[in-house]
Amino acid sequence: MLVLNDVARQYNNKAAVSAVSLTVDRGSFVGVIGRSGAGKSTLLRMINRLVDPTAGTIAFDDIDVTRLSGKALRDWRARCAMIFQQFNLVGRLDVLTNVLMGRLNKVSTPRALLRLWSEEDRAIALSALEQFDIAGLAAQRADSLSGGQQQRVAIARALVQEPDVILADEPIASLDPRNTKVVMDALLRINKHYGITVMCNLHSLELARGYCDRLIGMSAGRVVFDGAPELLTDDVARGLYGLEADDVIETAPVAKPELSPGDAVAVAL
Ligand SMILES: Nc1ncnc2c1ncn2[C@@H]1O[C@H](COP(=O)(O)OP(=O)(O)OP(=O)(O)O)[C@@H](O)[C@H]1O
């Protein structure tokens, strides 16, 4: 269980996030929504300590995440994988090596420095690529792939970290509708199959409603909505987004999940 208690972050005396207290149960798929500048990225980045909170505490089970440093912090970051809008792959390296980077925390430092991957690590990485239908691209340079393919590689890299939590910061913001569905389905599938908690910043309200089992609405750094997607009516959304509401309340159909967020999926791991 992830517990945020009164978490805040200031930049130059200006609050990006203020007094956020949340409990996120294991295995949930949480959508973080809100207008631009509401504090969504800062919130996610504080959870894996890419950004340090200026106040409050973050705990995961019995770990005080806010006090970690050195190896303990690296271990936490491995358990708390991050997926970015711009994929953050190493473009000149092949796809398989990019995925293997997710195993760095599982191998000894000399092996990691020399990138001496074991057969087991390679099998794990290939299996992750297979799950997202891109094993055939394993030998290609990452920068030769489409955006949707690159994001699937980034999700495979996150998965081989064997994380407890995946934090996805606008993972589909630069993708077309077809790839949006592929990537959101991939996140939902690993959430359901492996019970990995997913927290995902999303711009599209309809996607958030379709894929997530809980929505957290932020405004000016504060949590102003926290509940099941069906409770986020268009009226509540208009309050949350103000003038941006018409941009996020889609009238055109958007991707629907291949699984229902409520489905428990029985899959042998
Ligand atoms: N490194 C930084 N230095 C100064 N101010 C920052 C920094 N990062 C974020 N901020 C400010 O903090 C506030 C929250 O930003 P944040 O990126 O968390 O919002 P967001 O909801 O993720 O926005 P978007 O949807 O546009 O990505 C904004 O006012 C932003 O300008």
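**Two sheets, a ligand shell and a helix pair**

Strands β1 (residues 2-11) and β2 (residues 14-24) run antiparallel and are joined by seven bridges. Helices (H or I, at least four residues) and strands (E, at least two) are taken here as DSSP runs, numbered from the N terminus, and two strands count as paired if DSSP finds at least two bridges between them. This is a predicted model, in which local features need pLDDT of at least 70 and side-chain atom pairs count only at pLDDT 80 or more, while totals for chains, interfaces and linings use all residues. Residues are numbered from 1 along each chain as its sequence is written.

Back to the β1 and β2 pair: L4 has L22 of β2 as its bridge partner. The hairpin of these strands has two residues between them, and N12 takes a positive phi near 50° there. On top of that, β1 pairs with strand β4 (residues 55-60), again in the antiparallel sense, over five bridges, with L2 matched to F60 of β4. Put together, this gives an open sheet of four strands in the order β2-β1-β4-β5, with antiparallel pairing. At the edges sit β2 and β5 (63-64), each of which pairs on one side only. Helix α1 packs on this sheet and touches β1, β2 and β4, with its direction at about 60° to that of β2. Contact here means that the C-beta atoms of two residues, placed from the backbone, lie within 7 Å; axes are lines fitted to C-alpha atoms, for helices over the stretch in contact, and angles run from 0 to 180 degrees between N-to-C directions.

Helix α1 (residues 40-47) also turns up at the ligand, where three residues from it make the largest share of the shell. The residues around the ligand are Y11, A16, G34, S36, G37, A38, G39, K40, S41 and T42, a residue being near a molecule or strand if its C-beta atom, placed from the backbone, lies within 6 Å of it. Sorted by class, this shell has three nonpolar, six polar and one charged residues. In this sorting, Ala, Val, Leu, Ile, Met, Phe, Trp, Tyr, Cys and Pro count as nonpolar, Asp, Glu, Lys and Arg as charged, and the others, Gly among them, as polar.

Another open sheet has six strands in the order β6-β7-β8-β3-β9-β10, and its pairing is mixed. Its edge strands, β6 (80-84) and β10 (222-227), each pair on one side only. On average, neighbouring strands are turned by 20° against each other, direction ignored. Within this sheet, β3 (residues 29-33) and β9 (residues 214-219) run parallel and share four bridges, with V32 opposite I216 in β9. Helix α7 lies across β3, β7 (165-169) and β8 (197-201), running at about 155° to β8.

Helix α7 (residues 177-194) has a helical partner too: its axis and that of α6 (residues 147-160) come within 9 Å and cross at roughly 10°. The two helices are therefore roughly parallel, a label for angles under 35 degrees (over 145 is roughly antiparallel, 65 to 115 roughly perpendicular, and the rest oblique). G147, G148, Q151, R152, I155 and L159 of α6 meet N179, V182, V183, A186, L187 and I190 of α7. These contact residues split into seven nonpolar, four polar and one charged.

As for confidence, the chain has a mean pLDDT (the predictor's confidence in each residue, from 0 to 100) of 90, and 93% of its residues reach 70 or more. Among the elements, helix α4 (residues 109-114) has the lowest mean, 69, and β1 the highest, 98. Over residues 265-269 pLDDT stays under 50, and the model has six contacts for them beyond four places in sequence. For the complex, the predictor gives an ipTM of 0.97 and a pTM of 0.90.
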